[in-house]
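Visitor: I should like to go through this model and ask, at each step, what justifies the terms applied to it.

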Amino acid sequence: MALPLKYNLRNIVVRKSSTFATAFTIGLTVAVFLMVMALAHGIDLTLASSGEPLNVIVLREGSTAELNSSVSRENLNELIYLDGVAREADKPLAAPETITLIYKPRKGMSQGSNVTVRGIGPMSHRLRSGFQLVNGRMFQPGLTEAIVSKRIAERFQGLEIGDKFRVQTTDYTVVGLFDAGGKAFESEIWLDVNSLASATNRPTFSSVLLRAVDATALNALSKRISDDQRLHLKALSEQAFYEAQQGAASTALKGVAVFISFIMAVGAGFAGMNTMYAAVARRTKEIGTLRVLGFSRISILISFVVECLVIAMLGVAIGVLLALPLNFVSTGTANWATFSEIAFNFRVTPALVLVAAIFGAAIGFLGSLLPAIRASRFKIVDALRA
Amino acid sequence: MKFSKLILKNILRNKLRTLLTISSLVVSLFLIVTLATVLTEFSRGSEQSNPLRLITRHAVSLGFTIPVAHQQKIATVPGVRSVIPFSWFGGIYKDERNFFANFAVDADKLREVMPELKMSDAEWQAFINDRQGAIVGQKLVKLYGFTHGQRITLKSPIYDRSVEFIVRGVCTGGDEKTLFFHHEYINELVPEWAKDQVSTFSILANSAEDVPRIAQQVDSIFINTDAPTKTESERDFAISFETMMGSVKQFMYGIMAAITFSLLLVMANTMAMTVRERTREVGMLKALGFQRGTIASLFIGEALLVTTIGALVGIGGAMILFTSIDLSLYFPNFQMFLPTANTVLAALALSVLVGLISVAYSAYRVSGMTIADALRSTE
């Protein structure tokens, strides 16, 4: 027969401070795990959602990022008339784009980071869902105007509407702020591709974005472009392109999360063991009495494990409460693939919370196992005599 | 001191508890020291920068290049002792995972501008004499087994070129995971748009007082050209890279604070259990005439001894581990991976503090009890 849960709960309440100290130790471990994972998760979600399923991005053969790629104007004219490129009112859904970086100080600091400036074609925003102007107006292609993502304007100095920033010798005026539904473009400044080409003195584009009519066309199109020996270009789905970028930063963060929280879990596990050994020692007589009443060794064992699991769950709750305020908090770091700022949100998802709960429970289980085994092994006479 | 034997006996009374507490302290302090070492490495660039050096880059960002012709003009600025191209090539050795820095420089002036690079005169001469020559840091030798005379091919995605170099020397000092080669040589091989262009210049000033003025003067020369520059001290340049990481540092301090706090909880819990269990003993000691202060210091001494042992093992373990395995080999941008003296001292101070705070309340409470109350305790 199992011991009633109420027995454990009462014991937990009687030793308030000890319970709290142990639960909080587990809670801090869970919180650190959740926070670092939420950071990695935020980067993943931003980059994974950035590619449109039917978009193809064309880069120079051998380049690893848009920044070190180039596609000539002649190439562009060949690309947009290929079979499989979707059209809208007879115009191909294709956009030449150019990337450059400008260094901007962060708000309240003298130093900052590189912000991506993207020269976009007339079709660019049609190729990206989620794009929305939230303030001001769109830039006019003939003028030296630009629109800035809201998040970048919030994080860096001098990028609000009306401010000017310089690319080479050209000054651009910010005329609008945009939002891109949490995608990577929310870390960018957009202006006219031809204007940027003349400002930077580079006649070639960084990449060309194409919309395929369907998934089959996407594969055929990518293969057609990559296999063409004359072009020296490579084409891949935009999704694959962004997924490849998440690699370094988020994998490293996940490694850090696992390393730190594993070590902290070992520490918390030892602390849990200490608390449970003390509980077992204090209740030796009680255990003897329970045995006399007919409770089996195994139910004593289960009872102590359950007691520690309750403490661990309390810890998980504390950990989640500590980490939850970070959810959707905006932050940014350097995208290690491009050395430019990528803004994203911490994301504490239900799946992550579940993993954290299992993690916390595992600490509680492993911490209580040995003390519980000791409790179950007491001889009745010895226990009563203690 | 005469009570030290008693303290020791008390600690050994519940060996399992002491062992578990110390183990918990050990892993936590190991983690704190490791994280602190990572933080040291994050800011090594700015902390160990040469106060005489400046870096010039394009005013807009490092994404733009500047003409190598700027070099002559920079050299004429008063106070400039030497200036060399210091151009990021981004070459990859065999596989993208083998990331290490490689720069195009003026071979004959590199030694003057970067005096921290140590190499024999013969090797310097061999490097200078061979246009295709390259020198590699000691750690690259450890990682990839580079030897004198070996041909290394680096593939640069920035310039879309694969270039072969011949190892002419192995240097120590500075970031030992760096490869240097002749700018002259690479300049003939890069595509048209990159010809006679560099990403940055490294300037050596005559004195530290000259540095701010040189920065201003250099930038004013080029302000109205196609390639305006931004010149800053090497320290500021390094800080700009550190700021790119965003709030990583604050985040790590947060984690370290969390670890410290859990350390405190673990220790306080142990001491609370220990003190509570000995309440009756305290009554006995009091009855025998021991003063409140003596009793409190017995407990404080116990807590301090436990935390100190934990700290010594944890910190010592980290020292031994990081001395025997050089983790910096496997992390790009880390020059070393060894806890600094400051880190060790801070970790020690932290554990003493944790020991004191953890026992303070329990010791205060129990030592203040009346003899009757203490003896009547049911613990």
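Visitor: What is the strand order of the open sheet of chain B, and how is its pairing described?

Guide: In this predicted model, the order is β4-β7-β8-β6-β9-β5-β3-β11-β1-β12 of chain B, an open sheet of 10 strands with mixed pairing.

Visitor: What makes β4 and β12 of chain B the edge strands?

Guide: Strands count as paired if DSSP finds at least two bridges between them. By pairing, β4 (92-93) and β12 (229-233) of chain B each have a partner on one side only, and therefore they are the edge strands.

Visitor: How do you know that β6 and β8 of chain B pair, and in which sense?

Guide: Strand β6 (residues 133-137) and strand β8 (residues 161-171) of chain B are joined over 5 bridges, against a requirement of at least two, so they count as a pair. The sense is parallel. Within this sheet, Val136(B) stands opposite Val170(B) in β8(B).

Visitor: Which helix packs on the sheet at β6 and β8 of chain B?

Guide: Helix α6 (residues 121-129) of chain B touches both strands, and its direction makes about 160° with that of β8(B). Helix α10 (residues 234-244) of chain B, in turn, lies across β1 (53-58) and β12 of chain B, at about 105° to β12(B).

Visitor: What separates the domains of chain B?

Guide: The assignment gives domain 1 (4-45 + 246-376) and domain 2 (60-227) of chain B. Their centres, taken over C-alpha atoms, are 48 Å apart.

Visitor: How is the packing of α9 and α10 of chain A described?

Guide: Two packed helices are described by an angle and a distance between their axes. For α9 (residues 297-323) and α10 (residues 350-377) of chain A, the angle is about 150° and the axes lie 7 Å apart. The crossing of α9(A) and α10(A) is right-handed, and the contact residues comprise 23 nonpolar, 7 polar and 1 charged.

Visitor: How does the radius of gyration of chain A stand against that of a compact globule?

Guide: A compact globule of 386 residues would have a value near 21 Å, whereas chain A has 29 Å. The C-alpha atoms of chain A fill a box of roughly 95 × 45 × 30 Å along the principal axes.

Visitor: Which element of chain B gives the most residues to the side that touches chain A?

Guide: The contact takes 38 residues from chain B and 47 residues from chain A. On the side of chain B, α11(B) gives the most, with 13 residues. By class, that side of chain B has 22 nonpolar, 13 polar and 3 charged residues.

Note on methods. Residues are numbered from 1 along each chain as its sequence is written. Chains are lettered from A and ligands numbered from 1 in the order in which they are written. This is a predicted model: local features need pLDDT of at least 70, side-chain atom pairs count only at pLDDT 80 or more; totals for chains, interfaces and linings use all residues. Helices (H or I, at least four residues) and strands (E, at least two) are DSSP runs, numbered from the N terminus. Two residues are in contact if their C-beta atoms, placed from the backbone, lie within 7 Å. Axes are lines fitted to C-alpha atoms, for helices over the stretch in contact, and angles run from 0 to 180 degrees between N-to-C directions. Domain bounds come from an automatic or database domain assignment. A crossing is left-handed if the near helix is turned anticlockwise from the far one by less than a right angle, and right-handed if clockwise. Ala, Val, Leu, Ile, Met, Phe, Trp, Tyr, Cys and Pro count as nonpolar, Asp, Glu, Lys and Arg as charged, and the others, Gly among them, as polar. The radius of gyration is taken over C-alpha atoms; the globule rule is 2.2 Å times the number of residues to the power 0.38.
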